Amino acid sequence: MKGFSLLAEPQEFWVDNSTSVSVPMLSGMGTFQHWSDIQDNFSVTQVPFTESACLLLIQPHYASDLDKVEGLTFQQNYLNWMKKLSPR
C-alpha cells in the first residue's frame, strides 16, 4: 500500500474483551473516509488498497461494546455504511 510503513515492533491487538496478541502493524497518515455511529457506539474507516479494493476498519467506541459491534457487523449491509462515509 502506498504511503504506509510497517511499524518496527509488533503491537498489541485485542481479539476480545480479555485477550490480546502481539501482531505486526502498519502506520499511515492521510485523509480517510470515516463514519461514526453514535447510536451503536462504533466507527467505520475505509482504507484503500487499490481503486477497486479497500479495507473497512470497524471499531467500537468502548471495549465493553465489542460483542455488540461484532453482532452488528454480521447483520448489516456494508454498502449502506460505505454510503455514509465522509473524508476525515
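In the predicted model, the largest nonpolar core consists of seven residues, namely W35, F42, V44, V69, L72, W81 and L85. Two elements, strand β6 (42-48) and helix α1 (66-73), each give two or more residues to this core. In soluble globular proteins, nonpolar side chains tend to be buried together.

Within this core, the surroundings of W35 were examined further. When residues up to four places away in sequence are not counted, W35 touches F42, S43, V44, W81, K84 and L85. Of the core members, W81 has a relative accessibility of 3% and therefore counts as buried, the limit being under 20%.

Aromatic contacts form a second feature of the model, which holds five aromatic pairs. A pair of aromatic rings is described by the distance of the centres and the angle of the planes. One of the pairs joins F4 and F32, whose rings are 6.1 Å apart centre to centre, with 50° between the planes, a tilted arrangement. Because F4 belongs to strand β1 (residues 4-6) and F32 to the loop between β4 (26-28) and β5 (33-37), this pair ties together parts that are 28 residues apart in sequence. The two partners fall into separate accessibility classes: F4, at 24% relative accessibility, counts as partly exposed, whereas F32, with a relative accessible area of 18%, is buried.

Another pair is formed by Y78 and W81, with an edge-to-face geometry, a centre-to-centre distance of 5.4 Å and an angle of 80° between the planes. Both residues lie in helix α2 (residues 78-83), where three residues, about one turn of the helix, separate them in position. Y78 has 35% relative accessibility and counts as partly exposed, while its partner W81 is buried at 3%. Ring pairs also link Y78 and W81 with W35 and F42 into a cluster. Three members of this cluster, W35, F42 and W81, also belong to the largest nonpolar core.

Strand β6, one of the contributors to the core, also contains Q46. The relative accessible area of Q46 is 17%, and this residue is therefore buried, as the value lies under 20%. Leaving aside neighbours within four places in sequence, Q46 is in contact with F32, Q33, C54, L55, L56, M82 and L85. Among these contacts, F32 is the buried partner of F4 in the tilted aromatic pair, and L85 is a member of the largest nonpolar core. L85 is likewise touched by W35.

Technical notes: Residues numbered from 1 in each chain as written. Predicted model: local features only at pLDDT ≥ 70, side-chain atom pairs only at ≥ 80, totals over all residues. Heavy atoms only, no water. Core = buried A, V, L, I, M, F, W, Y, C linked by side-chain atoms within 4.5 Å. Buried < 20%, exposed > 50% of the residue type's maximum accessible area, 1.4 Å probe, protein only. Helix = DSSP H or I, 4+ residues; strand = E, 2+ residues; numbered from the N terminus. Contact = heavy atoms within 4.5 Å. Phe/Tyr/Trp six-rings, centres within 6.5 Å; stacked < 30°, edge-to-face > 60°.
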